[in-house]
Amino acid sequence: MSLQKSVTKTKPRQVKYLIIGNSAAGVAAVESIRQYDKTGTLAVVSDEPWHTYSRPLISYLLEGKTTQEKMRYRGDSFYQTYSVETHLGVRAEKLDTKKRTVALSDGSVLEYQKLLLATGSVPFVPPMNGCPAPNTGKGVYTFIKLADALALQETVTASTQVVVVGGGLTGVKATEGLLHLTKNISLVELAPRILPNALDTAASDIVKRRLESAAVTINCDASVSEVLTGADGNVSSVRLSDGRTIPCDVLVISIGVRPNVELVKGTDVAVERGILIDESCQTSVPDVFAAGDCVVSHDLTDDSKRILAILPNAYQQGKTAGAVMAGQQKTDKGARPINATSFIGLPLITAGKTNLTPEQAAEQGIEIVVDSEGENYRKLVIQNDRLIGFILLGAAYTKRAGILTDLLNRQVPLSSVGAGVLQTPELLLFDKTERLQRMEGVRSI
Amino acid sequence: MKKVYPNEDWCLGCKLCEVYCAAAHSPYRDVHAAFDTPDGSKPQAGIVVEGDTKHSIAISCRHCPDAPCVEACISGAMQKTSDGVVWCDTTRCVGCMTCVLICPYGAVHKGEGMKTVTKCDLCSCTGEPECVRHCPAFALEYKECEAAQASGRGYASERAFIGDKDSQSGTEQVMEESA
Ligand SMILES: Cc1cc2nc3c(=O)[nH]c(=O)nc-3n(C[C@H](O)[C@H](O)[C@H](O)COP(=O)(O)OP(=O)(O)OC[C@H]3O[C@@H](n4cnc5c(N)ncnc54)[C@H](O)[C@@H]3O)c2cc1C
Ligand code: SF4
Ligand code: SF4
């Protein structure tokens, strides 16, 4: 009652730019807005209490490869330098697009001229029989926030039995991070192989062997049918779909993410799985923009609408949104799925279309060229004389990968470049005039 | 801004630029010590020669406006100074290679046994870059070029200089700990 009163009393504070989310897309928008407008009031709201931090680095934090200090996404003086009013550790609770206001969990209300929704993703937690709610101190965790990593760091010791559900990129990275804390880890993946979206069977097997040699038990074609708890309500074991039981003190659910569209529910901002945006990153409501993991992106690989929850895409969309919010003309034509990471020291780079059965390839006139040597594996996917995707695994094949990405992004006819450029990516294999022009340093993409 | 421009017609393919660059960015900062390490590890250069002695070119970072590597970097380690120099803070880099994946020039490298990436940082502006100073064929020039306008954002990122031991950040290569 008293809270209600104080809320109605509060006069909205006016800001020119309001950004909800303090991560890649939000930071990009700040940097972009300030390139064009150095003085307009700019406020950033995040329910996470921290200075900017790099989300992908939470597994590296567990591994001890970075620290909370070093995983800051921007320098200490970021907010001062860019004149940002911060509302950190505060949730944006209610958006009113008619009044142009956002009510915050601390009772204050902000009125905006331009709003950016950079709310990112939420973890997907499927219903599992008997499973306590995640992050409630009962041994069940998600793996998407710094707080998740810090909680795991506190709980997991050398004797802890961990089960990670989800053998996708984040599940495998979580496993790699947790290996630093305990050697008792079982990974459970529904698909017949780990990293099913990014990798084909051959490449997936190489990564699997790496993980197994680090003592991880991998269960593919499996799912958790029931979570069993002890008298204290904590997780004690999980039962798999094939009937086996695995003892477990800590259950990490890392199956995937969904766009976080909570704030726009019940508003006239159009949503289809994610927030819908146009090429200028504007939503269906004028002056309301959205960028990053929370939106539906345009995947240039097959001209489809898809959630592309990767950091470079979040940055690019945030940058476009920021420029348009500051009155510039700018468009974002879309992106391609690209990713670089490593698994226990084995580098992996993927881009574009990588997963096709030989039948699909034959049907669509797609050529697939595979090379492998020990733990190095390379798969090139070519259609109509253009590179449309690749998997590069291992140090031997990942060198100068950006030249391949460039061939893919610009859809360069491969016959116009010197033979062998896909095997040995070098600028020397390009036409000399083009090379000289490009070496002037003018951006080509 | 000034950058390193290679002249492929004069390049001998001798790779001395690589040697001096790698040494300057190694913890040893000395050619002999950098290549004659106790554990046999070799430092990585930011400038890398493509081709053979018949036809070669030394490629290094173009310090792109709106640098794709800076924008894609997942950790924030890759950054651009207000004067346009793109550099990697190796104390924050986790070696994920997203910058390697995105650089259209193939100008970012992860050396064998390295935890972090290496690229040209114009020797942190300490006068003339090492590669240019040591090229015997005068095939590298450090000069202004109108076609490439510096496009710093007007905000400086914290900048570390090689040899600046007090700095929290750095450009020095970080090796994997041998297990
Ligand atoms: C473990 C892990 C590893 C990853 N590895 C990689 C990788 O190697 N490469 C890569 O490209 N990508 C990777 N990603 C994906 C990458 O982190 C995301 O694509 C990126 O962070 C998206 O940025 P964003 O700004 O859109 O949203 P997010 O980073 O999700 O940030 C959104 C922020 O908004 C806040 N927020 C949401 N709603 C509200 C509200 N109502 N009020 C206040 N604040 C709110 C959230 O708490 C969050 O802080 C990884 C992700 C994870 C979890
Ligand atoms: S490393 Fe590559 S992408 Fe980055 S600034 Fe240099 S040339 Fe451009
Ligand atoms: S390798 Fe280092 S500099 Fe490159 S993207 Fe990853 S963290 Fe950034």
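**Close-up 1. The surroundings of A:Phe78 in the predicted model.** A:Phe78 is buried, its relative accessible area being 5%, a value that falls under the 20% limit used for this class. A:Tyr79 is likewise buried, with a relative accessible area of 10%, and A:Tyr82 is buried as well. Over all chains, the count of aromatic pairs comes to two. A:Phe78 and A:Tyr79 make an edge-to-face pair, with 5.4 Å from centre to centre and 70 degrees between the planes. The rings of A:Phe78 and A:Tyr82, by contrast, have centres 5.0 Å apart and planes at 40 degrees, so this pair is classed as tilted. Through these ring pairs A:Phe78, A:Tyr79 and A:Tyr82 are linked into a cluster.

**Close-up 2. Helix α1 of chain B and the elements that cover it.** Helix α1 of chain B spans residues 16–25, and because seven of its ten residues are buried, the helix is largely enclosed by the rest of the structure. The buried residues of α1(B) are B:Cys17, B:Glu18, B:Cys21, B:Ala22, B:Ala23, B:Ala24 and B:His25. Among the elements of chain B that cover these buried residues are the helices α2 (31–35) and α5 (130–134), together with the strands β2 (48–51), β3 (56–59) and β6 (140–144).

**Close-up 3. The shell of residues around ligand 2.** Ligand 2 is surrounded by 13 residues, of which the closest are B:Cys61, B:Arg62, B:Cys64, B:Cys69 and B:Cys103. Sorted by class, this shell holds ten nonpolar residues, one polar residue and two charged residues. B:Arg62, one of the closest residues to ligand 2, also has its charged end over the ring of B:Tyr5, at 5.5 Å from the ring centre.

**Close-up 4. A:Arg438 over the ring of B:Tyr105.** Here a residue of chain A meets a ring of chain B, as A:Arg438 lies over the face of B:Tyr105 at 5.2 Å from the ring centre.

**Close-up 5. Residues 441–445 of chain A, a segment of low confidence.** Chain A has a mean pLDDT of 95, and 97% of its residues reach 70 or more. Over residues 441–445 of chain A, however, pLDDT stays under 50, although the model has 20 contacts for this segment beyond four places in sequence. Where pLDDT is low, predicted coordinates should not be read in detail. The contacts of residues 441–445 of chain A are therefore shown with this caution, since pLDDT there stays under 50.

How values were computed
Residues numbered from 1 in each chain as written. Chains lettered and ligands numbered in written order. Predicted model: local features only at pLDDT ≥ 70, side-chain atom pairs only at ≥ 80, totals over all residues. Heavy atoms only, no water. pLDDT = per-residue confidence, 0-100. Contact = heavy atoms within 4.5 Å. Near = heavy atom within 4 Å. Nonpolar A, V, L, I, M, F, W, Y, C, P; charged D, E, K, R; others polar. Buried < 20%, exposed > 50% of the residue type's maximum accessible area, 1.4 Å probe, protein only. Helix = DSSP H or I, 4+ residues; strand = E, 2+ residues; numbered from the N terminus. Phe/Tyr/Trp six-rings, centres within 6.5 Å; stacked < 30°, edge-to-face > 60°. Lys NZ or Arg CZ within 6 Å of the ring centre and 35° of its normal.
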